[in-house]
Number of protein chains: 2
Amino acid sequence: MLNVFKLIGFSMKFNELRKDYLLDRWVVIATERSRRPTDFAKKKREKAKAGVCPLCPGNEHMTPPAVLVYLKSGRKIRKAKDENGFRHKNWVIRCVPNLYPAFTPPKQKTRKKGTAKHGDLAEAVGHHEVLVESPRHNEHPADAKIQQLTYVINAYRDRLKELASKPYVKYVSIFRNHGLEAGASLSHAHSQIIATPFVPSIVQKELKASRKFWKQNKKCVFCNIIENEKKGPRLILENSNFVAFAPWASVNPMEFWIFPKKHETSLLDMPQNKVETLAQTLKTCLRALK
Amino acid sequence: MLNVFKLIGFSMKFNELRKDYLLDRWVVIATERSRRPTDFAKKKREKAKAGVCPLCPGNEHMTPPAVLVYLKSGRKIRKAKDENGFRHKNWVIRCVPNLYPAFTPPKQKTRKKGTAKHGDLAEAVGHHEVLVESPRHNEHPADAKIQQLTYVINAYRDRLKELASKPYVKYVSIFRNHGLEAGASLSHAHSQIIATPFVPSIVQKELKASRKFWKQNKKCVFCNIIENEKKGPRLILENSNFVAFAPWASVNPMEFWIFPKKHETSLLDMPQNKVETLAQTLKTCLRALK
C-alpha cells in the first residue's frame, strides 16, 4: 500500500505546484527536498518517563470528572458519567475535560455576555476534552482491536452530539496528535475534542467553495473528488462504504483522507454497521504507515 | 525585557480570543496551557554531528557556485560571484542556490511555458537560496557583531533587488529556521531566500485589508499599529528608527515584530545608516530571548 505514496512522485520532472481541490491554495510538491542531509544529531527515540500517567486506569482522580465513560456490561456497553466526586473504574473508554483547556464553558454569572465579542477581543468560550481511547497506555490505533476503535468512534459521536447542541458552540473539531513532535504532551492513547464559538476559517472557505461548485456544476464537489480519485494513482483502498486516498495537494507527507462513498454530511448520520467499517478502514490505513 | 512578554498575560481572567490587526483571523491566547505536564522524556540538547559542514569555509565546492559573496577589501566590502568552476574563499557572507530547492528557475527550453498554470498544476518556478550569515559555524545572530549583521541585511537587500527584477518572480520571502525543531537541517548560521511566482495568500490578504483600512480611515494601518503599540504594554524597545513589540494576536510564543517608524514599503528604500540601526535592533531583541 505504501507504494501508492511513492507513485505520487514517480513521474515528476520538476517541482510541482498543486492547487487544492477546493481552496485557492497551492502546495509545493518537492520530493527531492526530503533527501537533504542534516548535521543535527538524530534524536533519541522518545521514551515515556517512568512516572504516573493521569490517563491510566487507577489514576481517575488525577483528571476532572469524566463527562462520558463506556463500561462493559456483559456483551453490551453501558454509558455513564462521573458524578458527586465518584470516579468510574474499569472503563473501556473515558472522556474528561482537559485540565489545561484552550476553550472553557461560559460561567454561570457571565452567561449572557459569555460569547460576546468586543472588537478584537472575545472570551474563548467552548469545550476542550480528552478522549482516552483505551485503558492500555500504549495502544496505537493501528494495533487496537476493531471493537475498541468502534468504541472510540461511537464516543466521538456521543460527544459531538452533546457538544453541538450547546447554543454557544458553532463547530466541533476532533483531532489526535501522536508523539511529542506532533504536539502531544502525554503518550497515553488519546484524542482531543474542541468545541468552538466560531466555524474555523478554513472550514468556512471550504463550505463556500463547495457551495460555489454545486451552483456551477449541479453536483457535490466531494462526490466528484471520490469519482476521480477512485480511478487514479492516489487510491489507497476502497471497500463497501469508504474510499481512502492520498489527496492531490497534500500538505503533509503520508497524508490520507477517508471519504464515505454515500453522500453524508455528518458522522451522526452514519448507521452503526458503517461505524465498524470505518474503524476497519482507519486501522488498515494506519497500519500501512507503521 | 522579557518581562514584557510575561506582562502580556498578566491580567487574563479567561482564555482570550484575539483578532489579528489586519486579518479576519482569531488566535486563542491560553497561557495556562503551557504549564501542562508531559510524560515524554526531555530531548537531549541537539548536538551537531561531527562531520563536514557544506557551509563552512574550505567546503565551498560542496555547494553550487555562489550567486553572491562579500569579500573584505581593506575596510570595504567587494561583491563577487563564483564563476567558471572557481569558488571564492575568505568570504564574510556567501549566498548559494539551495541544493534541494523548492523553487527552480525556468529552463531555457521551456521558458515560454515556464510559469504557465494548467488548471490545478503549475511548475514551481522561482529561486531558492541559502544565505550563509557568517564563516563561523555557530554564530548566533544574538552574538554576532553589528558589522556582520549589517552585512547580512545588505546581502538580503542585494538578493531581493536582483530576484525581484525577474519577470516570473512575484514575491521574495526571506526567512530563518533556527534548530531542528524549527525546520533547519543544517546547524551553520544561515537564512533562506525564496522567490515565488505568486504572492503568498496571507500577504495578499494583508494587502487587501490594509488597502481597505486606508480607504476607511485615510491612514496607513501599520502607522496606526505603531502609534498604539508604542504607548502599550507590548512595547519591547524603541530607538531613532524602529519600534519592536510583541503583536496583540501572536501566533507563536515570544513572537516579536520590528517596524520602521518612518512609513517605508520595502527593505530597498532603507538608507545605509538605518540598516545598521536595524542590525542593532534585531540583535537586542534576539539577545533578550536567549
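Is A:Ala122 buried or exposed? A:Ala122 is buried, with a relative accessible area of 5%, where buried means under 20% relative accessible area, exposed over 50%, and partly exposed in between, computed with a 1.4 Å probe on protein chains only. The residue belongs to strand β7 (residues 121-123) of chain A. Its C-alpha is 9.9 Å from that of A:Pro197, and the two are 75 residues apart in sequence.

This is a predicted model, in which local features need pLDDT of at least 70 and side-chain atom pairs count only at pLDDT 80 or more, while totals for chains, interfaces and linings use all residues. Residues are numbered from 1 along each chain as its sequence is written, chains are lettered from A and ligands numbered from 1 in the order in which they are written, and side-chain values use heavy atoms, with hydrogens and water left out.

## Chain A and its partner

Chain A contains five helices and 13 strands; helices (H or I, at least four residues) and strands (E, at least two) are DSSP runs, numbered from the N terminus. Of its 290 residues, 45% count as buried. Among the contacts in chain A with a separation of 6 or more, 63% come from residues 24 or more positions apart, contact meaning heavy atoms within 4.5 Å.

A turn of 180° and a shift of 0.0 Å along the axis lay chain B on chain A with an RMSD of 0.0 Å. The two copies are thus related as by a two-fold rotation axis. The superposition is by least squares on the C-alpha atoms of residues with pLDDT of at least 70 in both copies. Since 100% of the interface residues of chain B are also interface residues in chain A, the copies meet through the same surface.

One residue with contacts across the chains is B:Leu121, in strand β7 (residues 121-123) of chain B. B:Leu121 is partly exposed, at 24% relative accessible area. Leaving aside neighbours within four places in sequence, B:Leu121 is in contact with A:Glu16, A:Leu17, A:Arg18, A:Trp26 and A:Trp248.

## Nonpolar cores

A nonpolar core is a set of buried Ala, Val, Leu, Ile, Met, Phe, Trp, Tyr and Cys residues joined through side-chain atoms within 4.5 Å. The largest has 19 residues, and those with the most contacts inside it are A:Tyr70, A:Ile93, A:Cys95, A:Leu131, A:Ala155, A:Val172 and A:Ile193. At least two residues of this core come from each of β3 (68-73), β5 (91-97), α2 (146-164) and β10 (190-196) of chain A. The most is given by α2(A), with six residues. A second, separate core has 18 residues, including B:Ala155, B:Leu163, B:Val169 and B:Ala195.

Within chain A, and apart from neighbours within four places in sequence, the contacts of A:Leu131 include A:Ile93, A:Cys95, A:Val152, A:Ala155 and A:Ile193, and also A:Arg94, A:His190 and A:Ser191.

## Cavity

The whole structure holds one cavity of 30 Å³ or more. On a 1 Å grid over the protein atoms alone, a cavity is a set of points where a 1.4 Å probe fits but cannot get out, and lining residues have an atom within 4 Å of a point. The largest cavity encloses about 40 Å³ of space, a volume being the space filled by probe spheres set on the points. Its lining consists of A:Glu133, A:Ser134, A:Glu139, A:His140, A:Pro141, A:Ala144, A:Gln148, A:Leu149 and A:Val152. These divide into four nonpolar, three polar and two charged residues.

## Individual residues

A:Lys274 is buried, with a relative accessible area of 8%. This lysine sits in helix α5 (residues 272-289) of chain A. Beyond its neighbours within four places in sequence, A:Lys274 is in contact with A:Asn241, A:Phe242, A:Lys262 and A:Glu264.

Most residues other than glycine have a negative phi. The table gives two non-glycine residues with a positive phi.

| Residue | Phi | Loop in chain A | Relative accessible area |
|---|---|---|---|
| A:Asn90 | about 55° | between β4 (76-80) and β5 | 72%, exposed |
| A:Lys218 | about 55° | between α3 (201-217) and α4 (221-230) | 66%, exposed |

Terms used. On a 1 Å grid over the protein atoms alone, a cavity is a set of points where a 1.4 Å probe fits but cannot get out, and a pocket is an open set with protein on both sides within 12 Å along at least five of seven lines; lining residues have an atom within 4 Å of a point. Ala, Val, Leu, Ile, Met, Phe, Trp, Tyr, Cys and Pro count as nonpolar, Asp, Glu, Lys and Arg as charged, and the others, Gly among them, as polar.
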